[in-house]
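Hi,

Here is the structure I said I would pass on to you. Have a look at it first, then read my notes underneath.

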Amino acid sequence: DLNAQRTQIVQQETIIAQLKEQLNALVGLQLPTTYEVADTIVIDLNLDKEGPFDNLENSNFGLMASRKNLSIASLVLRERRAEYLPFLNFNAAYNYSRVDNTRLINPFAAVFSQTNGLNYGFTVSLPILNGLNTRRLTQQARIDLDRQTLLYEQQKTNVSATLRSALVNYENAKRILLIEEETIGAAKENVAIALETFKRGVTTFIELRTAQQSLADAYYRLITARYNAKLAETELLRLNGSLLR
């Protein structure tokens, strides 16, 4: 049993070293070659149940991106509709020219001349017939707007459903965590009793080993419960858009 536990320790140290290398690679090798990671999992057990649903449309990044695509599609439709209207262009220019001859080769040329003036004008373009291309592009823009509207509503529904599911997972993970924390106390007490009775020769080594194994299993379930609770909390904050705040 002792050798099996020593083997498991070596295997776990190998996994930890590999995970550290993966973490360093994810941050662009900015971490030192040797570093330690805190093994304490800090969990917020007091998240508001209604808080994640407040102002969800302006906090969830997926909904914000979908709403931006909807706004772009609406602007494209307005641009296509504007192609039915006449175009009014305004042109303006200012010209200045000055010639001062000190010596003339041509006696009939002017010794001094200067011209300046402002020119301006308006141009009106009226689309009459372009092979119904404007109508086709407008219809395409309208279809794309309807599609983006449906995608936004679908995204909104999916986010709400996923958020409710994440909230249920968060609440259940907290309940499991509290149960496992209570189990640790009972398992420690069981090991203490088994050890004392073993010293007095009342119980056998197998019973003591069983109690110790139960404590090890309880620790493993506790760590798993804390990890799952942290995952549920992180997912809830991610959906609400408050993970990096």
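Let's start in helix H4, where arginine 238 and glutamate 235 sit three residues apart, about one turn of the helix. Keep in mind throughout that this is a predicted model.

Why look at that pair? Side chains of opposite charge can pair when their charged atoms come close. Here the side chains of arginine 238 and glutamate 235 meet in a salt bridge, at 2.8 Å from N to O. Arginine 238 is partly exposed, with a relative accessible area of 43%, and glutamate 235 is partly exposed too, at 28%.

Helix H3 (residues 133-199) has a pair with that spacing as well: lysine 174 and glutamate 171 are three residues apart, about one turn of the helix. They form a salt bridge whose closest N and O atoms are 3.6 Å apart. Is lysine 174 buried or exposed? Its relative accessible area is 16%, and buried means under 20%, so lysine 174 counts as buried.

Now for a pair that reaches across the sequence. Aspartate 1 forms a salt bridge with arginine 209, and their closest N and O atoms are 3.2 Å apart. Aspartate 1 lies in the segment before helix H1 (2-26), while arginine 209 belongs to helix H4 (residues 205-240), so this salt bridge ties together parts that are 208 residues apart in sequence. The two ends of the pair also have their own surroundings: aspartate 1 is exposed, at 59% relative accessibility, whereas arginine 209 is buried, at 17%. In total, the model has nine salt bridges.

Next, the nonpolar side chains. In soluble globular proteins, they tend to be buried together. The largest nonpolar core in this model has 26 residues, and those touching the most other members are Leu56, Leu63, Leu163, Tyr170, Leu177, Ala229 and Leu236. Which helices should you look at here? H3 and H4 each supply at least two residues of this core, and H3 gives the most, with twelve residues. Apart from this core lies another one, of five residues, with Leu70, Ala73, Leu77 and Ala141 among them.

If you want one residue of the largest core to click on, try leucine 56. Leaving aside neighbours within four places in sequence, leucine 56 is in contact with Leu63, Val159, Ser160, Leu163, Leu239 and Asn240.

Some nonpolar side chains are on the surface instead. Leu88, Phe90, Tyr94, Tyr96, Leu118, Tyr120, Phe122 and Val124 make a nonpolar surface patch of about 1,000 Å². Strands S1 (87-100) and S2 are the elements that give two or more residues to the patch. Take valine 124, which lies in strand S2: at 59% relative accessibility, valine 124 counts as exposed.

Strand S2 (residues 112-125) is also the place of glycine 121, which is partly exposed, with a relative accessible area of 22%. What does glycine 121 touch, leaving aside its neighbours within four places in sequence? The answer is Asn89, Phe90 and Asn91. Finally, try finding glycine 121 and glutamate 13 in the view: they are 108 residues apart in sequence and 81 Å apart in space, C-alpha to C-alpha.

That's what I have for you.

Cheers

How values were computed: Residues numbered from 1 in each chain as written. Predicted model: local features only at pLDDT ≥ 70, side-chain atom pairs only at ≥ 80, totals over all residues. Heavy atoms only, no water. Salt bridge = Lys/Arg side-chain N within 4 Å of Asp/Glu carboxyl O. Helix = DSSP H or I, 4+ residues; strand = E, 2+ residues; numbered from the N terminus. Buried < 20%, exposed > 50% of the residue type's maximum accessible area, 1.4 Å probe, protein only. Contact = heavy atoms within 4.5 Å. Patch = residues over 30% accessible without salt bridge, like charges linked within 9 Å, V, L, I, M, F, W, Y side chains within 5 Å. Areas by Shrake-Rupley, 256 points an atom, 1.4 Å probe, with all protein chains shown as cover. Core = buried A, V, L, I, M, F, W, Y, C linked by side-chain atoms within 4.5 Å.
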